[in-house]
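Hi there,

Here is the structure I promised to pass on to you. Have a look at it first, and then read on at your own pace.

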Amino acid sequence: MKKRILCALLAVVLCACALAGCSREPVESTTFAMDTVMNFTLYGGWDREKTKETRDWMTSRLAYCDEMFSATDENSDIAQVNRAAGQPVELKNPTAELLSQALELCRVTDGALDITAYPAVKAWGFTQEEHRVPSEEELAELAARIDYSAVKLDGNTITLPEGVEIDLGAVAKGFAGDWLAQQVRNIYPGEDSALLDLGQSTIVAVGSKPGGKPWRIGVVDPAQPESYFAVVELVDMAMGTSGGYQRYFEQDGITYWHILDPDTAAPARSGLASVTVVAPSALTCDGLSTALFVMGLEEGAAFWRNHPELEFDVIFVTEDGEIYRTAGLEGRFSLAEGYTDREVTLLE
Ligand code: ADP
Ligand code: MG
């Protein structure tokens, strides 16, 4: 008897769903935040209204991220810190959380990622898109000011020595991605399914596609940024790419890009054209892709071997177009159409 009632109930629910048209159609949205266009596709559960609410929450969270983390927005937490001239500043919780995680990545990468590169980023004109090439003396002076270990973070209180300024451009999108993904997971435990594209090749796959298949994400060919040379399959995983092709300018036949080597304060020339990191955390992907780009192939591969606790895998593309990938991507990595004749060297 009980079974019959349950069957009848199930039939009613299914009919109601069909009548209401509530198939798992995605709720999509496009937002401009953190200097880039972001696209979200939320499958959520059967409740479209709830999914729309989640989308609106995400959009407002991103506006909040912009307000807090942008070094160029004079009201942000970060701009306030950069103006403080040696005085302690009280941060909002998310900013303190992001800073603490970012500083940890600076430490573990031995300063290949360094959030105090901001004076150099400004000197090259990347913040205001008024590009210039600083002189050798200026670069030496700027490099001497890059030192993440001078940042003192105690709970929510941060103190920077005078002359040191921070920029979370290399990690903020990843932090935002993790934050948004966590919200989707909280709202739809067990049936979460969303693709969060935070722009500039920072992607978070929440769950799998409806039906259980992995999300298939293209990896940009740095030599031809409108094409994808590979596809990575992601389930509950993030992916982030850093490359010289993303933001750069040319002067006298030389290309200068926005990823700087903290040792020289000049664009990092490690022989790499792009680095793609795949990891459960988008912050790890964002921070490490920048850091590994600075390190180069050999040092980057050694870093991968020495840090299994960071749970990441990497795809390196050199300036000569050689492709390298780490062993953990087995079964999740394939070359894209038009690239299947390319050789891929396995890093183990
Ligand atoms: P994108 O923001 O284009 O995705 P990245 O995540 O690689 O690229 O971050 C690059 C940004 O981070 C630069 O625009 C600059 O603001 C800052 N930056 C540049 N070099 C470094 C570095 N070595 N460590 C930390 N931040 C950096
Ligand atoms: Mg980054």
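Below is what I found, beginning with the metal site and moving on to the helices and a few single residues. Please keep in mind that this is a predicted model.

**The magnesium site**

Start with the magnesium ion (ligand 2). Which atoms coordinate it? They are A170 (O), D286 (O), D286 (OD) and T290 (OG1), at 2.2 to 2.6 Å. You will notice that D286 appears twice in that list, once as O and once as OD. Along the sequence, the donor residues follow the spacing A-x115-D-x3-T. D286 and T290 both belong to helix α8, which covers residues 282–295. They sit four residues apart there, about one turn of the helix. Both D286 and T290 are buried.

**Two helix pairs**

Helix α8 also has a packing partner. Its axis runs 7 Å from that of helix α7 (residues 172–187), at an angle of about 170°. Angles over 145 degrees count as roughly antiparallel, so α7 and α8 are roughly antiparallel to each other. On the α7 side, the contact is made by A172, K173, G174, F175, G177 and D178. On the α8 side, A282, L283 and D286 take part, and D286 is the residue you have just met at the magnesium ion. The residues of this contact divide into four nonpolar, two polar and three charged.

Now compare the pair α2 (residues 48–69) and α4 (residues 93–108). How do their axes cross? They come within 10 Å and cross at roughly 70°. Because 65 to 115 degrees counts as roughly perpendicular, that is the word for the arrangement of α2 and α4. Here Y64, M68 and F69 in α2 meet P94, T95 and L98 in α4. This contact has five nonpolar residues, one polar and no charged.

**Three residues to click on**

First, try T116, in the loop between α4 and α5 (118–123). Is T116 buried or exposed? Its relative accessibility is 0%, so T116 counts as buried. Its side chain makes a polar contact of 2.5 Å with the side chain of D114. A polar atom of the T116 side chain also lies 3.5 Å from the backbone nitrogen of Y148. Beyond its neighbours within four places in sequence, T116 is in contact with several residues, including R145, I146, D147 and Y148, as well as V164, E165 and I166.

Next comes S70, in the loop between α2 and α3 (77–83). Buried means under 20% relative accessible area, so S70, at 19%, counts as buried. A polar atom of the S70 side chain lies 3.1 Å from the backbone nitrogen of D73. Leaving aside neighbours within four places in sequence, S70 touches C65, S76, I78 and A79. The C-alpha atoms of S70 and D35 are separated by 9.4 Å, and these two residues are 35 apart along the chain.

Finally, look at T202 in strand β7 (residues 202–207). T202 is buried, with a relative accessible area of 3%. Apart from its neighbours within four places in sequence, T202 is in contact with K173, G174, L196, D197, M239 and G240. K173 and G174 may look familiar to you, as they are among the α7 residues that make the contact with α8.

Enjoy exploring, and do write back with any questions.

Best wishes

Notes:
Residues are numbered from 1 along each chain as its sequence is written. Chains are lettered from A and ligands numbered from 1 in the order in which they are written. This is a predicted model: local features need pLDDT of at least 70, side-chain atom pairs count only at pLDDT 80 or more; totals for chains, interfaces and linings use all residues. Side-chain values use heavy atoms; hydrogens and water are left out. Donors are N, O and S atoms within 2.8 Å of the metal (3.2 Å for Na, K and Ca); water is not among the atoms, so sites may look incomplete. Buried means under 20% relative accessible area, exposed over 50%, partly exposed in between (1.4 Å probe, protein chains only). Axes are lines fitted to C-alpha atoms, for helices over the stretch in contact, and angles run from 0 to 180 degrees between N-to-C directions. Angles under 35 degrees count as roughly parallel, over 145 as roughly antiparallel, 65 to 115 as roughly perpendicular and the rest as oblique. Contact means heavy atoms within 4.5 Å. Ala, Val, Leu, Ile, Met, Phe, Trp, Tyr, Cys and Pro count as nonpolar, Asp, Glu, Lys and Arg as charged, and the others, Gly among them, as polar. A polar contact is a pair of N or O atoms within 3.5 Å; within protein, one must be able to donate a hydrogen and the other to accept it, and residues adjacent in sequence count only if both atoms are side-chain atoms.
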